[in-house]
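Work through these exercises with the structure open beside you. Try each task before you read its solution.

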Amino acid sequence: TLDRVSYLLGIHKALRILFMDDAQADGWVKRPNQGPGFDGQPALDRMLRGRMEDLQYVRRYLDGWRG
């Protein structure tokens, strides 16, 4: 449980850093994503699969995007 919460908090933090506007940050997880590993689906769909590996993937994706 703590690992899942940690990934979610990390995703939230990364989105707030990447997007200064809360609406953009919130919208990113709901928009179709052409990035690797998303297959055109929103990040939220991947996050809701129920596997910790999916939360970890989104977190690492955002961390890599941040640089």
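**Exercise 1.** Is R59 buried, partly exposed or exposed?

*Solution.* This is a predicted model. Step one: take the relative accessible area of R59, which is 24%. Step two: apply the cut-offs, where buried means under 20% and exposed means over 50%. R59 is therefore partly exposed.

**Exercise 2.** Find the residue that forms a salt bridge with R59, and describe the pair.

*Solution.* The partner is D63. The closest N and O atoms of the two are 3.2 Å apart. Next, place the pair in the chain. Both D63 and R59 lie in helix α4. They are four residues apart, about one turn of the helix. Finally, check the cover of D63. Its relative accessibility is 25%, so D63 counts as partly exposed.

**Exercise 3.** Which residues do shared salt-bridge partners join into one network?

*Solution.* The network holds R46, R49, R51 and D54. Start with D54, which lies in helix α4 (residues 52-66). Leave aside its neighbours within four places in sequence: D54 is then in contact with R46 and R49. Now take the two contacts in turn.

- R46 forms a salt bridge with D54, with 2.9 Å between the closest N and O atoms.
- R49 also meets D54 in a salt bridge, at 3.6 Å from N to O.

Across the whole structure, a search finds six salt bridges. A general point helps here: side chains of opposite charge can pair when their charged atoms come close.

**Exercise 4.** Sort D54, R46 and R49 by burial.

*Solution.* D54 has a relative accessible area of 0%, so D54 is buried. R46 is buried too. R49 has 48% relative accessibility, so R49 counts as partly exposed.

**Exercise 5.** What radius of gyration does the chain have, and what would a compact globule have?

*Solution.* Begin with the fold. The chain has four helices and zero strands. Along the sequence the pattern reads α-α-α-α. Then count residues: there are 67, so a compact globule would have a radius of gyration near 11 Å. The chain has 11 Å, which agrees. Its C-alpha trace spans about 30 × 25 × 20 Å along the principal axes.

**Exercise 6.** How far apart are the mean positions of the positive and negative charges of the chain?

*Solution.* Count the charges: 11 positive and 9 negative. Their mean positions are 3 Å apart. For the surface, the accessible area comes to about 4500 Å². Carbon and sulfur atoms hold 53% of that area. As for burial, 33% of the 67 residues count as buried.

Methods: Residues are numbered from 1 along each chain as its sequence is written. This is a predicted model: local features need pLDDT of at least 70, side-chain atom pairs count only at pLDDT 80 or more; totals for chains, interfaces and linings use all residues. Side-chain values use heavy atoms; hydrogens and water are left out. Helices (H or I, at least four residues) and strands (E, at least two) are DSSP runs, numbered from the N terminus. The radius of gyration is taken over C-alpha atoms; the globule rule is 2.2 Å times the number of residues to the power 0.38. Buried means under 20% relative accessible area, exposed over 50%, partly exposed in between (1.4 Å probe, protein chains only). Accessible areas come from the Shrake-Rupley method with a 1.4 Å probe; for residues, only the protein chains shown count as cover. Lys and Arg count as positive and Asp and Glu as negative; His and the chain ends are not counted. The place of a charge is taken as NZ of Lys, CZ of Arg, CG of Asp or CD of Glu. Contact means heavy atoms within 4.5 Å. A salt bridge is a side-chain nitrogen of Lys or Arg within 4 Å of a carboxyl oxygen of Asp or Glu.
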